[in-house]
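Morning, everyone. I'd like to take a few minutes to walk you through a structure, so have a look at the screen.

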Amino acid sequence: MMVARKVLVGIGAAVLLTTGGTATALAQDGHSAQDTRGVKASSKANASYAYAHATWKWKGAGSTGKVKVYVNDQDCNGYSAYAWMQFKRATGQTVDGDTYYWNSDSLCRGRGQTRNGPKFSDDFNITHGRVVVCQSDWGPDTCKYGKWHKNPRA
């Protein structure tokens with residue numbers, strides 16, 4: 001049985017390998033075509049006073065797509081709840097995202113709030129991401145940290 005193998009390589013082009021009737025598309029960085037759209041990620045932080053859930057896609061070693069964060073003030077105690085994203089570099093350093101996602105106490109009896117945030121990018125490899133939920137309670141705020149989600153691209 002004869003097996004045909006055809007490899008096409010060009011600038012900005014995908015590589016198509018055909019072997020025995022099976023075709024697999026590979027991006028130039030070695031990830032499959034599906035991976036080039038991003039790898040889904042999420043993190044949750046749940047405390048008695050507030051809950052946050054964040055979703056995003058890893059777009060590369062040092063970047064994400066837009067971040068979507070849900071925040072709910074769960075105890076309605078007069079203090080507002082908020083969340084933000086946190087990322088860990090390959091060096092071990094932790095970097096906070098620039099955007100805070102609020103659910104003010106006046107809205108606590110509702111379903112919480114979902115907000116869309118910006119993409120995150122860094123000059124270093126970002127190995128992990130997570131959401132942090134806090135209660136704005138006069139002084140150092142009380143916070144709960146979600147579990148880290150590993151970046152498969154880093």
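I'll go from the overall fold to one strand, then to the core, the rings and a charged pair.

One thing up front: this is a predicted model. So, what is it built from? There are 13 strands and zero helices in the protein. Read from the N terminus, the element string is just β after β. Of the 154 residues, 35% are buried. If you take contacts between residues at least 6 apart in sequence, 53% of them join residues at least 24 apart. As for the surface, about 9,300 Å² is exposed, and carbon and sulfur atoms supply 51% of that.

Okay, let's pick a strand. I like β7, residues 81-89, which is mostly covered: eight of its nine residues are buried. Which strands does β7 pair with? Let me start with β11, residues 126-135: nine bridges join β7 to β11, and the two run antiparallel. If you want a landmark there, find Trp84, which stands opposite Val132 in β11.

Next is β8, residues 94-96, which pairs with β7 over three bridges, again in the antiparallel sense. Here Phe87 faces you as the marker, standing opposite Val95. The two strands form a hairpin with four residues between them, and Gly92 in that turn has a positive phi of about 95°. Then there's β9, residues 101-103, joined to β7 by three bridges and running antiparallel to it. Look for Ala83 opposite Tyr101 in β9.

Now the core. As a general point, nonpolar side chains in soluble globular proteins tend to be buried together. In this model, the largest nonpolar core has 22 residues, and those with the most contacts inside it are Trp56, Val69, Met85 and Val131. Which strands feed it? At least two residues each come from β3 (39-46), β4, β6 (68-73), β7 and β11. The largest share, five residues, comes from β4.

Take Val131 as an example of how those pieces meet. Leaving out residues up to four places away in sequence, Val131 touches a list of residues including Ala45, Ala54, Val69, Met85 and Tyr145. Lys44 and Lys144 are also among the residues it touches.

While we're on β4, let me show you one end of it. Gly60 sits in β4, which covers residues 50-60. Is Gly60 buried or exposed? Its relative accessible area is 14%, and the cut-off for buried is under 20%, so Gly60 counts as buried. Apart from its neighbours within four places in sequence, Gly60 is in contact with Asn151 and Arg153. Its C-alpha is also 9.0 Å from that of Val39, with the two positions 21 residues apart in sequence numbering.

On to the rings. How many aromatic pairs are there? The count comes to eight. One of them is Trp56 with Trp58, which is edge-to-face, at 5.7 Å centre to centre and 85° between the planes. Both Trp56 and Trp58 are buried. Another is Tyr82 with Trp102: their ring centres are 4.6 Å apart and their planes sit at 35°, so that one is tilted. That pair links distant parts of the chain, since Tyr82 is in β7 and Trp102 is in β9, 20 residues apart. The two partners differ in cover: Tyr82 is buried at 7% relative accessibility, whereas Trp102 is partly exposed at 37%. There's also an aromatic cluster made of Trp56, Trp58, Phe87 and Phe120. You've met Phe87 already, as the residue opposite Val95 in β8.

Last stop, charges. The structure holds one salt bridge. It runs between Arg89 and Asp122, with the closest N and O atoms 2.9 Å apart. Where do the two partners lie? Arg89 is in β7 and Asp122 is in the loop between β10 (113-116) and β11, so the pair ties together parts that are 33 residues apart in sequence. And are they buried or exposed? Arg89 counts as buried at 14% relative accessibility, and Asp122 is buried too, with a relative accessible area of 18%.

So if you keep one strand in mind, make it β7: mostly covered, joined to β11 by nine bridges, a contributor to the largest nonpolar core, and home to Arg89 of the salt bridge. That's it from me.

Conventions. Residues numbered from 1 in each chain as written. Predicted model: local features only at pLDDT ≥ 70, side-chain atom pairs only at ≥ 80, totals over all residues. Heavy atoms only, no water. Buried < 20%, exposed > 50% of the residue type's maximum accessible area, 1.4 Å probe, protein only. Contact = heavy atoms within 4.5 Å. Areas by Shrake-Rupley, 256 points an atom, 1.4 Å probe, with all protein chains shown as cover. Pairing = 2+ DSSP bridges. Phe/Tyr/Trp six-rings, centres within 6.5 Å; stacked < 30°, edge-to-face > 60°. Core = buried A, V, L, I, M, F, W, Y, C linked by side-chain atoms within 4.5 Å. Salt bridge = Lys/Arg side-chain N within 4 Å of Asp/Glu carboxyl O.
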